[in-house]
Amino acid sequence: MIGSTIARLAVAHGAEVTILDAMLPLYGGNPFNLEGIQDKIVFVKGDIRDLDLMKRLVDGADYIFNLAAQVSYVDSNSKPLLDLDINCRGHLNLLQACSHINRKARIVFTSSRFVYGTIEYNPVDEKHPFNCLSIYGIHKLTAEKYYRFYHDAHGLPTVSLRIANPYGPRQQMKHSKYGIVNWFIRLALEGQPLTVYGDGAQKRDYIYVEDVAEAALCAALTQGTEGQVYNLGSGTGTPFRDMVKLVAELLPGTVIKQVEWPADRYFVETGDYISNISRLTQATGWVPKTSLRDGIAKTIDYYRQYRDKYW
Ligand SMILES: NC(=O)c1ccc[n+]([C@@H]2O[C@H](COP(=O)([O-])OP(=O)(O)OC[C@H]3O[C@@H](n4cnc5c(N)ncnc54)[C@H](O)[C@@H]3O)[C@@H](O)[C@H]2O)c1
């Protein structure tokens, strides 16, 4: 989702783009995400865990966006070694390749709000303690440290972005383990009810994917971001139930059901999360542009047209 959106934006700006994806089953890789730009990019099917391939691909690159990941925190807890392999070893491979072949490429790594885990205060700034509640959060934090280490020790210009709750076109919709906004849009498009746990008052920071892509480009292009880590969100907290109501309003006839919190979900509930994005805005001038209503409406339009490509 996010990688193809960055690629589309970069192509629109006239960049020469190479896309690497392992196209692992049930992950987000989808050839249709490149619809319309196929003949303007080079696509390589390959794995970031392949050091030789990484060495070949980083050679000569000016900018590298490393988004490759096992993205589900649920799966990270049931398959911790797989998560370690992709979300840590894979990133070390890329960094090693760059330190041997290309120390100039500016590298953006997409981390996650999950490094913070249980939230102690809002809005959350980058100094918030790390109370990880998932293996995914622990490995994202570890990878951030790798990126920082290769900046400090090898001079690589790396920057990490802790993304809040992204949603929008081009996310995989085959299963529910990715972003909840997209999943609820699928359910509503299929005429299924949307289930809210408890009172749904927990706040989330939903960020439209095109805003994420613009922020990633700004972080890559702006001098002074090297070695830094920034929160990337909308900066606004929306109660979960309000997001659900918006989906239901935009897809009339959608039924909202309320149930008790299941015990296994309650454990991983972080509490309210709102990003403090002032450091990123000050450093790069980036600000999010898309309201939640507009973003959900655009996402619904996209999947109305192309749902057969996504589930
Ligand atoms: N979606 C979210 O809720 C969210 C939130 C915060 C951060 N992020 C991060 O943003 C990045 C992009 O996520 P996304 O939402 O676009 O998910 P996505 O699944 O659409 O994109 C990740 C891509 O990485 C590819 N991939 C996985 N392992 C690979 C490997 N070993 N080698 C090469 N390619 C591999 C997958 O095939 C997939 O296309 C990830 O790093 C993710 O952790 C996502």
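Is Ile180 buried, exposed or partly exposed? Ile180 is partly exposed, because 17 other C-beta atoms lie within 10 Å, and a buried residue would need 20 or more. The views below come from a predicted model.

**View 1. Ile180 in helix 6.**
Ile180 lies in helix 6. Ala10 is 170 residues away from Ile180 in sequence. In space the two are 27 Å apart, C-alpha to C-alpha. Ala10 belongs to the buried residues of helix 1.

**View 2. The buried side of helix 6.**
Helix 6 spans residues 180-189, and its buried residues are Val181, Asn182, Phe184, Ile185 and Ala188. Why do they share a side of helix 6? They cover an arc of only 160° around the axis, which puts them on the same side. In general, an α-helix has 3.6 residues a turn, so residues three or four places apart point the same way. The buried residues of helix 6 pack against three strands and two helices: strand 6 (165-167), strand 7 (194-197), strand 9 (206-208), helix 8 (240-250) and helix 11 (292-306). Gly191, just after helix 6, has a positive phi of about 80°.

**View 3. The open four-stranded sheet.**
The strand order is 3-4-5-10, the sheet is open and the pairing is parallel. Strand 3 (63-66) and strand 10 (228-232) are the edge strands, each pairing on one side only. On average, neighbouring strands of this sheet are turned by 20° against each other, direction ignored. Helix 7 (residues 209-221) packs on the sheet and touches strand 3, strand 4, strand 5 (158-163) and strand 10. The direction of helix 7 makes about 155° with that of strand 5.

**View 4. Strand pairing inside the sheet.**
Strand 4 covers residues 106-112 and pairs with strand 3 in the parallel sense over four bridges. Phe65 stands opposite Val108 in strand 4. Strand 4 also pairs with strand 5, again in the parallel sense, over six bridges. Which residue of strand 5 is the bridge partner of Ile107? That partner is Thr158.

**View 5. Strand 5, covered on both faces.**
How many of the six residues of strand 5 are buried? Six of six are, and the strand is mostly covered. Thr158, Ser160 and Arg162 are buried on one side. Val159, Leu161 and Ile163 are buried on the other.

**View 6. Helix 1, largely enclosed.**
Helix 1 is largely enclosed by the rest of the structure, because eight of its 11 residues are buried. These are Ile2, Gly3, Ser4, Thr5, Ile6, Ala7, Arg8 and Ala10. Their cover includes strand 1 (17-21), strand 2 (41-45), strand 3, strand 4, strand 6 and helix 7. Just past the end of helix 1, Gly14 takes a positive phi of about 90°.

**View 7. Helix 1 against helix 7.**
Helix 1 (residues 2-12) packs on helix 7 at an angle of about 65°. Their axes are 9 Å apart. The crossing is right-handed. From helix 1, the contact takes in Ile2, Thr5, Ile6, Leu9 and Ala10. From helix 7, it takes in Val209, Glu210, Val212, Ala213, Glu214, Ala216 and Leu217.

**View 8. Helix 4 beside helix 5.**
Helix 4 (residues 80-101) and helix 5 (residues 135-154) pack at an angle of about 10°, and their axes lie 9 Å apart. That angle makes helix 4 roughly parallel to helix 5, because angles under 35 degrees count as roughly parallel. The crossing of the two helices is right-handed. Helix 4 residues in the contact include Pro80, Asp83, Leu84, Asn87 and Cys88. His91, Leu92, Leu95 and Ser99 of helix 4 also take part. Among their partners in helix 5 are Ile135, Tyr136, His139, Lys140, Tyr146, Tyr150 and His154.

**View 9. The buried side of helix 2.**
Helix 2 covers residues 51-58, with Met54, Leu57 and Val58 buried. They cover an arc of only 90° around the axis, so they sit on the same side of helix 2. The buried residues of helix 2 pack against strand 1, strand 2, strand 3 and helix 4. Gly60 follows just after helix 2 and takes a positive phi of about 85°.

Conventions: Residues numbered from 1 in each chain as written. Predicted model: local features only at pLDDT ≥ 70, side-chain atom pairs only at ≥ 80, totals over all residues. Pairing = 2+ DSSP bridges. Axes fitted to C-alpha atoms, helices over the stretch in contact; angles between N-to-C directions. Contact = placed C-beta atoms within 7 Å. Buried ≥ 20, exposed ≤ 12 C-beta atoms within 10 Å, placed from the backbone. Arc of directions from axis to C-beta. Parallel < 35°, antiparallel > 145°, perpendicular 65-115°, else oblique. Left-handed = near helix turned anticlockwise from the far one by under 90°.
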